[in-house]
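Please open the model in your viewer, with the sequence panel alongside, and follow the stops below in order.

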Amino acid sequence: MTVLQIADRMHAVGMEVAFDPSITIEGGTKVPDLLLQDRAAGTSFYAEASIMFSADRLIKALDVSNRLTELFHSFHDDPVAYSGLILRPITPNEVEGLIGRVHWEILEVRRDRSLREVRLDDTLLLALAPEAHKSRVDQWSRDHDLEPGSFGAMLPAADDFQRLRSKIAEEAQQVPAGQPNVIVIWAQSLLYISRDARVLLPHIRDIARKHPKVALLVIVFEGYTSAQVEHAVVGDCLIAGGVRGGIEFQHIIVPNDACPTPFSPEVLLKLRSAFSL
């Protein structure tokens, strides 16, 4: 979600928007992304938005997995059924060798027309067969506790909740104390932990409580999210999902009960509505 998208949502619920206001905090100049004014409620507040990028090692692991998946699908004239798992992170100098080995295995499957199991020590576990033998590959998957038709990678550990704490702390420096503020974080990598927002919510709420300047925290997932829950009310928090501008979204909307200057119920309702549009 971009700053412009946030502004569009705020305008849709009747708020006035100003971009990049200059303010003074503890003697220094800060420039939050937005100044929002609700004339009907007689209040104004600031909003800050940012992206929590995926850890580099996660991106590299997923890149290798994606390249192999593309390879499986590249044989349009004689498709192969597949299932498997990359068992450890692949170093840069191993990538091309691994892809070349899997390409050779696919060619062997196309030649001998049978199921082929590939075990590369601690690196790769894979089953391949002509599409006509897909049921055998699916049974192999179940025997190895894998989802039939799936291929993925054992992702290296990354503490995305700690990264979220750091990102919120960074953005909170841009907004003043003594009034309510909104922080919006695009945090797609949290979906590696769980695709169920209800599982993520208690951890996100605990993180928000460490930042009293933040009256409302909004976590954003965009694009194809495979969200298990599109809409749910959990206490005073809201999980909202849908499609806007052709883009699928899911938002976890968290009022911070540790903020000493919360939004009024009237303004909070408008904000919840804005992020649900």
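Begin by selecting Asp121, which adopts a positive phi near 45 degrees in the hairpin of strand 7 and strand 8, where 3 residues lie between the strands. Keep in mind throughout that what you see is a predicted model.

Now extend the selection to the two strands themselves: strand 7 covers residues 116-120 and strand 8 covers residues 124-130, and the pair runs in the antiparallel sense over 5 bridges. To look at one position in this pairing, pick Val118 and look across to strand 8, where Leu126 stands opposite.

Next, move to helix 2, which comprises residues 56-72, and select Ser65 within this helix. Is Ser65 buried or exposed? Its relative accessible area is 5%, and because residues under 20% are classed as buried, Ser65 counts as buried. To see what surrounds this residue, show the side chains of its contacts: once the neighbours within four places in sequence are set aside, Ser65 touches Ile86, Phe151, Gly152 and Ala153.

For a contrasting stop, go to helix 1, residues 3-12, and select Leu4 there. The relative accessibility of Leu4 is 62%, and since the cut-off for exposed is over 50%, this leucine counts as exposed. With Leu4 still selected, add Arg88 and draw a line between the two C-alpha atoms: the residues are 84 apart in sequence, and the line spans 40 Å in space.

Finally, zoom out until the whole chain is in view, and colour it by secondary structure to display 7 helices and 14 strands. If you orient the C-alpha trace along its principal axes, its extents are about 75 × 35 × 30 Å. The radius of gyration is 24 Å, whereas a compact globule of 277 residues would have a value near 19 Å.

Switching to an accessibility colouring, you will find that 48% of the 277 residues count as buried, while the chain as a whole exposes about 13500 Å², of which carbon and sulfur atoms supply 52%. If you display contacts between residues at least 6 apart in sequence, 69% of them join residues that are at least 24 apart. As a last selection, mark the charged side chains, 28 positive and 37 negative, and note that the centres of these two sets lie 2 Å apart.

Definitions and conventions. Residues numbered from 1 in each chain as written. Predicted model: local features only at pLDDT ≥ 70, side-chain atom pairs only at ≥ 80, totals over all residues. Heavy atoms only, no water. Helix = DSSP H or I, 4+ residues; strand = E, 2+ residues; numbered from the N terminus. Buried < 20%, exposed > 50% of the residue type's maximum accessible area, 1.4 Å probe, protein only. Contact = heavy atoms within 4.5 Å. Rg over C-alpha atoms; globule rule 2.2 N^0.38 Å. Areas by Shrake-Rupley, 256 points an atom, 1.4 Å probe, with all protein chains shown as cover. Lys, Arg positive; Asp, Glu negative; His and termini not counted. Charge placed at Lys NZ, Arg CZ, Asp CG, Glu CD. Pairing = 2+ DSSP bridges.
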